[in-house]
Amino acid sequence: DRRQRQMCIRDSDTVFDAEGLYVIPGLVDVHIHGARGHDFSDGNSKGLAEIAQYLHSCGVTSFCPTSMTLPEEQLTAAFATINDVPDAAGYAHIAGIHMEGPYLSPEKKGAQKASYLHAPDAAMFRRLSAASGNKIRIITIAPELPGSDAFIREFKDTVAISLGHSTASYEIAENAFAAGANHVTHLFNAMTDALEALAAHNYGQAETLLRQAQLWAEERYLE
């Protein structure tokens with residue numbers, strides 16, 4: 001009972017009265033572009049700090065600020081801002097960057113700007129990683145683009161490779177996972193699935209993802 005619990009509390013302990021409330025582990029958001037009128041891709045340190053404060057107030061203890069598809073110079077400026085946000089009480093911890101694009105399919109671009117999309121570029125990725133202090137943790141790519149398999153094999157041990165914004169077939173997605181991909185961005189959204197692939201009498205990329213033994217997946221956005 002309450003009296004017995006109180007007897008176990010030491011004078012040095014901090015006590016929080018959670019009666020009538022729910023206690024859950026801190027939430028982790030691996031795909032968030034912005035909040036409170038700010039976007040990570042704005043390249044504004046103050047704005048990113050306000051995002052971190054807001055997320056902390058919502059129960060998010062760690063997050064990956066997520067970039068949009070933009071020219072390299074804009075991404076460089078945005079990625080550098082994560083080094084300016086306090087890693088302190090009152091702020092959600094920045095676990096690393098989620099780089100969403102520009103290595104995505106024009107046919108499944110969603111809100112990404114088509115003119116900025118292109119095939120995976122290892123040299124560009126290294127430059128952006130350096131700008132962030134080597135804090136890119138997730139990168140979303142379309143595995144059907146030229147050079148994707150080589151890119152996955154080169155960086156699979158340093159960053160989570162996520163498949164998304166893609167027209168990849170079942171076979172292409174399966175090869176990408178064999179090469180080292182281990183994550184999927186907004187499952188069933190902006191990717192092929194069985195309904196889309198019916199004409200070919202085949203499964204789509206989404207079904208390939210669901211067959212993987214070990215896989216991190218984001219849910220489809222609510223519409």
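**A walk into the nonpolar core**

Hi everyone. What you see above is a predicted model, and the protein chain averages a pLDDT of 85, with 80% of the residues scoring at least 70. Where is confidence lowest, and where is it highest? The low end is strand E10, residues 216-217, with a mean of 52. The high end is helix H4, residues 122-131, at 98. Please keep helix H4 in mind, as we will come back to it.

Let's go inside. The largest nonpolar core has 39 residues, and those touching the most other members are Phe63, Phe79, Phe125, Ile139 and Ile161. Which helix gives the most to this core? That is helix H2, residues 45-57, which contributes five residues.

Now pick out Ile139. Leaving aside residues up to four places away in sequence, Ile139 touches Met99, Tyr103, Phe125, Phe151, Val159, Ala160, Ile161 and Ser162. Two of those names, Phe125 and Phe151, bring us to the aromatic rings.

Across the whole structure, a search finds five aromatic pairs. One of them joins Phe125 and Phe151: the ring centres are 5.5 Å apart and the planes sit at 80°, so this pair is edge-to-face. It links distant parts of the chain, since Phe125 belongs to helix H4 and Phe151 to helix H5, residues 148-155, with their positions 26 residues apart.

Are these two rings buried or exposed? Phe125 counts as buried because its relative accessibility is 4%, and Phe151 is buried too, at 3% relative accessible area.

One last thing to look for: Phe125 and Phe151 form one aromatic cluster together with Tyr103 and Phe155. Thanks for listening!

Note on methods. Residues numbered from 1 in each chain as written. Predicted model: local features only at pLDDT ≥ 70, side-chain atom pairs only at ≥ 80, totals over all residues. Heavy atoms only, no water. pLDDT = per-residue confidence, 0-100. Helix = DSSP H or I, 4+ residues; strand = E, 2+ residues; numbered from the N terminus. Core = buried A, V, L, I, M, F, W, Y, C linked by side-chain atoms within 4.5 Å. Buried < 20%, exposed > 50% of the residue type's maximum accessible area, 1.4 Å probe, protein only. Contact = heavy atoms within 4.5 Å. Phe/Tyr/Trp six-rings, centres within 6.5 Å; stacked < 30°, edge-to-face > 60°.
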